[in-house]
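Subject: Structure handover

Hello,

Here is the structure you are taking over. Please open it first, then read the notes below it.

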Amino acid sequence: MLDVRYIAEHAEEVKEAMSHRSGVYDVDKVVDLYSKRKKLLAETEQRKALRNKVSEQIAVIKKNKGNADDLIAEMKELGEEIKKFDDELALVEPALKEAVMSIPNIPHPSVPIGKDDGDNVEVRRYGDPRKADFELKPHWDIGAALNILDPQTAAKISGTRFTVYRGLGARLERAIANFMLDTHTANGYTEILPPFMVNRDSMYGTGQLPKFEEDAFCVKNNGYFLVPTAEVPVTNMHRGEVLDEKDLPIKYCAYTACFRAEAGSAGRDTRGLIRQHQFNKIELVKFAHPSSSMDELESLTRDAESILQKIGLPYRVVCLCTGDTGFSSGKTYDIEVWMPSYGRYVEISSCSNFFDYQARRMNIKFKGANGNEFVHTLNGSGLAVGRTTAAILENFQNKDGSVSVPQVLIPYMGTDIIK
RNA sequence: GGAGGCGUAGCGAAGUGGUCAUAACGCGGCGGUCUUGAAAACCGUUUGGUGGAAACGCCACGGGGGUUCGAGUCCCUCCGCCUCCGCCA
């Protein structure tokens with residue numbers, strides 16, 4: 001969330017920023033509730049100060065065996081007044097909090113202004129889209145032919161949007177995950193294996209709640225949520241903490257299954273590994289000093305890209321425009337891998353700098369020169385494993401239906417060909 | 001799942017209805033004295049949030065609610081940790 005005070009004192013600036021985002025946001029409501037709260041706070045605090053003072057007097061009188069009945073009666077009355085103001089505050093506070101939380105992050109000045117993904121700006125490209133002298137097949141056909149991807153069986157045991165990986169398919173998924181983790185840990189990221197279920201507070205902390213509850217799976221027994229991304233458990237690890245400035249940046253990588261309801265995506269990407277209820281992902285998370293978080297976003301994006309370069313998959317990096325940038329993010333780069341079956345680049349990673357937006361919400365600070373300050377949080381996929389599997393199957397397929405194993409994965413696969 | 005105990009500053013821990021929560025005491029951290037330097041010893045200093053230009057307030061003892069003129073302290077509830085028992089990969 002943004003700083004309430006900042007919104008109140010820079011209302012026009014915030015409104016201007018919101019006008020470039022998708023959706024409509026009520027900044028005035030925040031300003032309004034803020035001044036209302038301020039007024040109530042003044043009223044109640046003034047009375048509390050008096051009560052505190054008189055209560056001390058009563059204590060003294062009692063100690064000296066005196067009679068304080070008059071004062072006690074007065075305070076009883078004052079107490080009722082205080083309660084009235086507090087009750088009113090109890091209505092305004094949550095309303096204000098909700099209003100503030102409903103305002104998305106302010107995009108960084110370097111973010112291109114635009115409406116939707118059509119206005120995203122390509123930053124760089126690596127490699128060239130695969131060309132072949134035979135017809136390139138989509139990965140779901142390759143997977144079926146090689147008997148390594150089996151959505152039918154998954155549908156029987158679970159439902160649609162699940163896949164059973166079999167044999168070298170399962171092995172490929174595992175090889176990719178291991179390769180990614182090995183690469184990132186060698187780059188200074190500490191490997192984390194977090195719980196795959198988290199509580200409600202964590203979902204609020206990273207911003208999946210309250211707005212996007214229908215996207216998540218909730219466990220009936222205990223109200224826990226299946227993690228939609230490792231960002232949630234890993235970023236929340238430091239919720240409510242004051243970090244040591246000299247430990248920054250803290251860098252984590254985590255491999256988890258991710259669970260998404262994909263509500264509202266009916267009919268989209270119904271075939272293959274692109275959009276599943278359960279998929280594997282390596283996530284990179286950073287807690288950074290505000291002064292260097294923009295640099296950390298660049299290096300995080302490069303770290304994610306390096307995986308694709310090492311495997312040898314063509315991709316491009318785009319900077320999301322203001323209208324397409326996620327709710328909590330201040331700046332986002334998407335990494336898109338070339339998918340022959342789609343005939344275009346498909347998102348395989350999303351790297352974001354949230355500035356202090358998540359940190360304020362989660363109360364993650366560091367002890368700096370000017371007292372405690374909020375850290376900046378960043379994260380990005382490094383990468384989505386299922387989509388990487390799909391991209392490899394398509395980009396490394398051979399005319400005879402086999403798939404060559406990328407060089408760097410051969411040690412993990414124990415073979416150089418899937419056939 | 002059952003029984004009991006506990007949750008107070010970075011850590012340990014006192015406080016069991018009032019005028020020492022800017023929280024005793026101990027450890028740690030920071031500054032200093034001493035020392036060639038260090039250790040030891042000694043002295044000093046160390047919670048955060050929020051309102052206000054300031055003066056000066058308000059809030060916070062795991063979270064939430066209640067009783068009271070007044071709650072760290074009493075009551076309810078939720079969460080977490082520990083011990084024992086049961087079950088279990």
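pLDDT is the predictor's confidence in each residue, given from 0 to 100. The model is predicted, and chain A has an average pLDDT of 92. In chain A, 100% of the residues score at least 70. For the complex, the predictor reports an ipTM of 0.82 together with a pTM of 0.91.

Domains

Chain A falls into two parts: domain 1 covers residues 4-101, and domain 2 covers residues 117-418. Taken over C-alpha atoms, the centres of domain 1 and domain 2 are 43 Å apart.

The surface near RNA strand B

Which residues come nearest to RNA strand B? There are 19 residues around the strand, and A49, N52, A59, M75 and K76 are the nearest of them. By type, the residues of this surface divide into eight charged, six nonpolar and five polar. Three elements each supply at least two of its residues: α3 (27-63), α4 (69-101) and β14 (371-374). The largest share comes from α3, with 12 residues.

The three-stranded sheet

Strand β14 also belongs to a sheet. Three strands make up this open sheet, in the order β7-β13-β14, with mixed pairing. β7 (242-243) and β14 are at the edges and have a single partner strand each, so one side of each has no neighbour in the sheet. As background, strands of a sheet pair through backbone hydrogen bonds, either parallel or antiparallel. The pairing of β13 (residues 365-368) with β14 is antiparallel and runs over four bridges. To find one place where they pair, look at K367, whose bridge partner in β14 is N372.

The eight-stranded sheet

What is the order of the strands in the open sheet of eight? The order is β1-β10-β11-β12-β15-β9-β8-β4, and the pairing is again mixed. Its edge strands are β1 (121-126) and β4 (190-192), each of which pairs on one side only. From one strand to the next, the twist averages 25°.

Within this sheet, β12 (residues 344-353) and β15 (residues 376-384) run antiparallel and are joined by three bridges. S352 has N379 in β15 as its bridge partner.

Helix α10 (residues 293-311) lies across β1, β9 (278-288), β10 (315-319), β11 (331-339), β12 and β15. The helix runs at about 5° to β15.

Backbone details

Most residues other than glycine have a negative phi, and most peptide bonds are trans. Three places in the model are worth looking up with that in mind.

- L248 and P249 are joined by a cis peptide bond, with omega about -5°. P249 sits in the loop between β7 and β8 (250-259).
- G382 and L383 are also joined by a cis peptide bond, with omega about 5°. L383 is part of strand β15, the strand that N379 belongs to.
- R161 has a positive phi, near 65°, and is a residue other than glycine. R161 lies in the loop between α6 (151-157) and β3 (164-165).

To go through the model in order, begin with α3 and its 12 residues of the surface near RNA strand B. Then move to β14, which supplies at least two residues of that surface and stands at an edge of the sheet β7-β13-β14. After that, turn to β15, which is joined to β12 by three bridges and crossed by α10.

Regards

Notes: Residues are numbered from 1 along each chain as its sequence is written. Chains are lettered from A and ligands numbered from 1 in the order in which they are written. This is a predicted model: local features need pLDDT of at least 70, side-chain atom pairs count only at pLDDT 80 or more; totals for chains, interfaces and linings use all residues. A residue is near a molecule or strand if its C-beta atom, placed from the backbone, lies within 6 Å of it. Ala, Val, Leu, Ile, Met, Phe, Trp, Tyr, Cys and Pro count as nonpolar, Asp, Glu, Lys and Arg as charged, and the others, Gly among them, as polar. Domain bounds come from an automatic or database domain assignment. Two strands pair if DSSP finds at least two bridges between them. Axes are lines fitted to C-alpha atoms, for helices over the stretch in contact, and angles run from 0 to 180 degrees between N-to-C directions. Two residues are in contact if their C-beta atoms, placed from the backbone, lie within 7 Å.
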